[in-house]
Amino acid sequence: MFFAKTLDYFAAMWDNVIWIIMQWGIYMRKTDTTIKYVEPDSIAFEAGIEAGDKLIKINGHDFHDILEYRYLTAEYEVTLEILKKDGSTEVITVENDYEDLGIEFAEGLIDEAQSCHNKCIFCFIDQLPKGMRETVYFKDDDTRLSFLQGNYVTLTNMSDEEIDRLIKMRVSPINVSVHATEPELRQMLLGNRFAGKCYSIMQKFAENGICMNCQIVLCPEINDGEHLKRTLYDLAALYPNVNSVSVVPVGLTRYREGLYQIKPFTKESSADTIEFVEKIQQDFLERLGTRLVYLSDEFYINAGVEIPQSDTYEGFPQLENGVGLIASMKEEFDSAIKFIKKKRRSRYVSVATGEISYDFIRGLADRIQNECGGVKIDVYAVKNDFFGGGVSVSGLVTGGDIIRQLKGIIKTDTLIIPHSMLRDNDNIFLDDVTVAEVEEALNVTIIPTYNDGYEFIEKILNEELDFGG
Ligand code: SF4
């Protein structure tokens, strides 16, 4: 008894020590308020602020990150203390009419991006092959990036002060990787003893009017079934502050040696998940007036079940998270195809896509071919040898796999690819192979296209269509 109590005491002490170290790391983050760019004709430009100047204070206050900058400058009259490049200091008062001042900082966030403190059993970064660009391995978990770029955060590295600061600045919406609301299960999934507090933080956000979009990475026999049900009902209790919930299947590559054993979703388990979640969606629809939860396309494709109609996604609140991509593109395509002018064309192009999207894209290509005489479209499903495992989505197809699989096969001089395959200013694939290298190897011109039914038709036909305003 005494021994057990002593162990508990030391465990609690150790938790506190780790927590203090974490918070000290956050506190010690370096800030850099050097201005990188001033937009021509902006308020800052008119006030004589230049690239290379430093913004020192706003309305007499220090600021520590981009959120504080935005919060403090959201006033009609703003006083800026500037350290000029020549070392002099200027104090300028501007009227900003609640517009953006037109300043970009050398460090986008002003301080360093916060990294995650977790060891999730399903982490995709832990399953990457060695030798990729260093930036690919960075595990961010930063609420600022959630607000500014839509990244998902786990809320495991936030102090009470940081939570209060976000509430005070009304940072909303925040995208939260929930995975499970049962504290012990979440601690296990995230490999983090502090991960169990997530739901209470979310309750506090909800009480203070912060909106949240949530995501659940579903792992068969770990956080599905009754665990999933509990998570979804807990989140529904925070509606409307919990605005939407996506459920995505765990992504498994072939680089899982030494990692937690996780089963992939099968046709049967995908179908079971659809049935299970559809019942909950129906219940939410009756009680809340919204389905609230949406399954990613992979579940339907794996199960061989038709993708739901676009209206069931209720405005696609999780499209940026890849949920509802097919239904959204199909809806646009159905509308756009009516605007194709009846005339004979001469066009032969190829499209490369991930294995999972092949049937869908082939179906769209067939409809264009049927509609337009003289148009021929070859569609290629590129197998993901780079990541292996069950990875089949288009956004993770690499340039190397395209070259290896299409060299000597492709017959056209134009290759259309989904824009989601590209990184870093659109000119590089995930494996660091450049667009130019693929073009040279295959002797083609690559045309990236967004997940947009209108754009897809235009790129295929190489025509600007008149969609009637
Ligand atoms: S939060 Fe989890 S999944 Fe995300 S980067 Fe960190 S360890 Fe990986």
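Contact, in what follows, means heavy atoms within 4.5 Å. I need that for the residue I start with, Thr33. One caution before it: this is a predicted model.

Not counting residues up to four places away in sequence, Thr33 touches Asp53, Lys54, Leu55, Phe63, Phe105 and Ile110. Thr33 sits in the loop between helix 1, residues 2–27, and strand 1, residues 35–38. Is Thr33 buried or exposed? The cut-off for buried is under 20% relative accessible area, and Thr33 has 12% relative accessibility, so Thr33 counts as buried. As for distance across the model, the C-alpha atoms of Thr33 and Val277 are 47 Å apart, with these positions 244 residues apart along the chain.

Next, Ile35, which is in strand 1. Ile35 is buried, at 2% relative accessibility. Its C-alpha atom is 6.7 Å from that of Ile103, although the two are 68 residues apart along the chain. Leaving out residues up to four places away in sequence, Ile35 touches Ile103, Glu104, Phe105 and Ala106, and also a run that includes Ile49, Glu50 and Ala51. Phe105 is thus on the list for Thr33 and on the list for Ile35. Phe105 also belongs to a cluster linked by ring pairs, together with Phe63 and Tyr69.

Now the domains. The assignment gives domain 1 as 35–105, domain 2 as 125–323 and domain 3 as 331–461. Between domain 1 and domain 3, the C-alpha centres are 44 Å apart.

Which residues have the most contacts inside the largest nonpolar core? They are Met202, Phe205, Ile368 and Ile460, in a core of 87 residues. Helix 7, residues 198–207, gives the largest share of this core, 6 residues. Why does the core lie between domain 2 and domain 3? Both domains give residues to it, so it lies between them. Take Ile460: apart from neighbours within four places in sequence, Ile460 is in contact with Arg347, Val349, Val351, Ile368, Val375, Ile377 and Ile416. Another core lies apart from the largest one; it has 22 residues, including Leu80, Ile82, Val94 and Phe105. So we meet Phe105 once more.

On to the ligand. The residues around the ligand are Cys116, Asn118, Cys120, Cys123, Lys139 and Thr154. By type, that shell has 3 nonpolar residues, 2 polar and 1 charged.

Back to aromatics. The whole structure holds 9 aromatic pairs. One of them is Tyr313 with Phe316: the ring centres are 5.3 Å apart and the planes meet at 15 degrees, so this pair is stacked. The cut-off there is planes under 30 degrees apart. Tyr313 and Phe316 are both buried, with Phe316 at a relative accessible area of 15%.

Last, the backbone. Most residues other than glycine have a negative phi, and most peptide bonds are trans. Phe316 has a positive phi of about 55 degrees, and lies in the loop between helix 10, residues 297–303, and helix 11, residues 325–336. Glu221 also has a positive phi, near 65 degrees. Glu221 is in the loop between strand 7 and helix 8, and at 59% relative accessibility it counts as exposed.

Where are the cis peptide bonds to Pro173 and Pro240? One joins Ser172 and Pro173, with omega about 0 degrees; Pro173 is in the loop between helix 5 and strand 6. Another runs from Tyr239 to Pro240, with omega near 5 degrees; Pro240 is in the loop between helix 8 and strand 8.

Conventions
Residues are numbered from 1 along each chain as its sequence is written. This is a predicted model: local features need pLDDT of at least 70, side-chain atom pairs count only at pLDDT 80 or more; totals for chains, interfaces and linings use all residues. Side-chain values use heavy atoms; hydrogens and water are left out. Rings of Phe, Tyr and Trp (its six-membered ring) pair if their centres lie within 6.5 Å; planes under 30 degrees apart count as stacked, over 60 as edge-to-face and the rest as tilted. Buried means under 20% relative accessible area, exposed over 50%, partly exposed in between (1.4 Å probe, protein chains only). A residue is near a molecule or strand if one of its heavy atoms lies within 4 Å of it. Ala, Val, Leu, Ile, Met, Phe, Trp, Tyr, Cys and Pro count as nonpolar, Asp, Glu, Lys and Arg as charged, and the others, Gly among them, as polar. A nonpolar core is a set of buried Ala, Val, Leu, Ile, Met, Phe, Trp, Tyr and Cys residues joined through side-chain atoms within 4.5 Å. Helices (H or I, at least four residues) and strands (E, at least two) are DSSP runs, numbered from the N terminus. Domain bounds come from an automatic or database domain assignment.
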